[in-house]
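Subject: Model for you to look at

Hello,

Please find the structure below, with my notes after it. Could you read them with the model open?

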Amino acid sequence: MGVLGEPATLDPFAPEASDLTRALVRPLYPSLYRLLPDGTAVASLADNATHQGDTVRVTLIDAQWSDDSDITAQDVVASARRALSPSGFARFSRVEATDDGTITFHGAGEDWQVALATAAYVLPDGRPSREIAGGPLQMASLTSGLEIAYAPNPRWFGGDIPLDGVRVQFIENVEIMIELLDEGRLDVAAVPSSVNLGARLDEMGLEFDAALGWESVLLTFGVDTTTFDERRWFSAAIDRRSIVEGLVRDEGRLSNALHPRPGAAGAAGPWEERSAPGSYPTTVSIAAPVGDELLGFIQRALWEQLNERVELELLTVEAARFYGGWQRDAPADVLVVRASGAPKLGGAGAAFRRASILPLAHVETVLAWTGDVAGLAANPTFDGPLWNVEEWFLEESQG
């Protein structure tokens with residue numbers, strides 16, 4: 001399987017964790033609930049739960065880690081206490097173990113099941129491990145810059161796995177990924193949304209599944225290096241509709257939401273068209289990750305729209321750095337970023353009040369594969385392409 005770039009970390013609760021981090025650890029670490037592609041939360045480690053007021057009490061099923069030790073409430077609590085947003089664990093005000101098999105969550109809302117399914121991984125004693133796993137797969141090896149290899153976890157509580165193993169390779173760019181898939185050197189690829197992607201995959205005779213879920217393209221402004229009026233000027237000066245119609249086309253839609261969802265109103269949000277104030281910066285940088293074709297095209301489109309009024313610099317950053325810690329300390333005034341994940345758990349009001357984030361497009365999540373592989377389906381939540389890897393199988397092995 002191919003993915004774009006290499007994550008900066010495989011610790012899902014580290015500050016530099018990215019969407020790719022969360023996708024790659026999904027087969028390793030279970031959660032109390034998991035998200036289906038349509039955003040429905042279904043029980044996984046949770047046996048039963050009771051909800052009263054702002055408190056939820058969850059009882060665990062009988063499950064073991066790959067080293068044969070029990071998965072306990074203490075593992076859940078230790079994980080929840082390390083969790084950072086966007087993990088749903090971070091949403092609760094207090095988490096405590098009632099006994100080895102029961103956890104109590106305080107500060108729950110009506111969507112508590114979704115919160116417990118949103119990047120809320122349970123790690124052994126709350127820490128990532130290369131030796132211990134609790135999901136359908138365990139890590140067999142990790143080669144920096146090349147791949148991560150998985151093997152079936154014989155103690156997984158879900159039963160036997162049809163595959164002998166999965167190797168996920170870190171690919172430099174979309175064109176190389178599609179070429180490797182076409183040549184049969186990859187069986188599966190998590191392909192970032194790109195221009196005319198569906199038509200290109202069809203021409204190659206490849207199978208693929210696309211889901212319009214929670215993946216979007218955003219423009220994030222540096223609030224420390226641009227003023228409120230400058231950010232408002234950019235928001236008004238950018239022709240979002242022409243970018244979406246010219247580049248995203250039928251594989252997405254214009255978005256006014258920071259966390260769009262499936263459905264007719266999924267891209268509706270609080271962002272509104274604005275008139276441009278008179279103040280704008282004279283020099284600005286627009287950054288995009290290397291290898292992401294769509295973001296590169298959008299970066300160029302923004303340059304075409306703005307370069308006659310503002311002195312622009314286009315920056316390209318290695319994908320692992322871009323989605324790692326680079327964005328927090330970036331010198332750029334304007335960043336082009338891709339955001340994907342689960343349903344919105346908190347308000348977006350602050351970002352819109354500060355005009356710090358401009359939503360551009362709600363785009364499809366795409367998973368492509370050769371005819372030899374079956375059981376795959378695109379999942380646009382944080383669970384990512386390996387969300388149901390325990391159901392994958394090779395057609396040849398089925399006779």
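**What was found**

Ser194 is buried, with a relative accessible area of 3%; here buried means under 20% relative accessible area, exposed over 50%, and partly exposed in between (1.4 Å probe, protein chains only). Its place is the loop between strand 11 (188-191) and helix 5 (197-203). Helices (H or I, at least four residues) and strands (E, at least two) are DSSP runs, numbered from the N terminus. Leaving aside residues up to four places away in sequence, Ser194 touches Arg200, Glu251, Glu293 and Leu294, where contact means heavy atoms within 4.5 Å.

On sources: this is a predicted model, in which local features need pLDDT of at least 70 and side-chain atom pairs count only at pLDDT 80 or more, while totals for chains, interfaces and linings use all residues. Residues are numbered from 1 along each chain as its sequence is written, and side-chain values use heavy atoms, with hydrogens and water left out.

**Helices 7 and 8**

Leu294, one of the contacts of Ser194, also belongs to the packing of two helices. Ser242, Ile243, Leu247 and Val248 in helix 7 meet Leu294, Phe297, Ile298, Ala301, Leu302 and Gln305 in helix 8. The axes of helix 7 (residues 240-248) and helix 8 (residues 293-306) come within 11 Å and cross at roughly 140°. Axes are lines fitted to C-alpha atoms, for helices over the stretch in contact, and angles run from 0 to 180 degrees between N-to-C directions. Helix 7 and helix 8 are therefore oblique to each other: angles under 35 degrees count as roughly parallel, over 145 as roughly antiparallel, 65 to 115 as roughly perpendicular, and the rest as oblique. The crossing of helix 7 and helix 8 is right-handed, that is, the near helix is turned clockwise from the far one by less than a right angle; anticlockwise would be left-handed.

**Aromatic rings and charges**

Rings of Phe, Tyr and Trp (its six-membered ring) pair if their centres lie within 6.5 Å; planes under 30 degrees apart count as stacked, over 60 as edge-to-face and the rest as tilted. By this rule the model has 7 aromatic pairs. One of them is edge-to-face and joins Tyr33 and Trp112, at 5.9 Å centre to centre with 85° between the planes. Tyr33 lies in strand 2 (residues 33-35) and Trp112 in helix 3 (residues 112-117), so the pair ties together parts that are 79 residues apart in sequence. Both Tyr33 and Trp112 are buried.

The rings of Trp233 and Phe234 have centres 5.1 Å apart and planes at 85°, so this pair is edge-to-face. Trp233 counts as buried at 5% relative accessibility, and Phe234 is buried at 2%. Elsewhere, Phe89, Phe92 and Phe105 make up one aromatic cluster.

Which residue lies over the face of Trp271? Arg240 does, at 4.0 Å from the ring centre. The charged end of Arg300 sits over the ring of Trp303, 5.1 Å from its centre. A charge sits over a ring if NZ of Lys or CZ of Arg is within 6 Å of the ring centre and within 35 degrees of the ring normal.

**The loop before strand 18**

Arg354 lies in the loop between helix 10 (349-353) and strand 18 (357-363). Arg354 is partly exposed, with a relative accessible area of 43%, and touches Val223, Phe228 and Arg231, not counting residues up to four places away in sequence. Its C-alpha atom is 9.6 Å from that of Asp229, 125 residues away along the chain.

Ala355 is in the loop between helix 10 and strand 18. At 3% relative accessibility Ala355 is buried, and its phi is near 55°, a positive value in a residue other than glycine. Asp125 also has phi near 55°. Asp125 is found in the loop between helix 3 and strand 8 (137-143) and is exposed, with a relative accessible area of 58%.

**Helix 2 and the loop after it**

In helix 2, 7 of the 10 residues are buried, so the helix is mostly covered. The buried residues are Ala73, Asp75, Val76, Val77, Ser79, Ala80 and Arg82. What covers them includes strand 5 (55-60), strand 6 and strand 7 (102-106).

Pro86 is in the loop between helix 2 (73-82) and strand 6 (94-99). A cis peptide bond joins Ser85 and Pro86, with omega about 20°.

Regards
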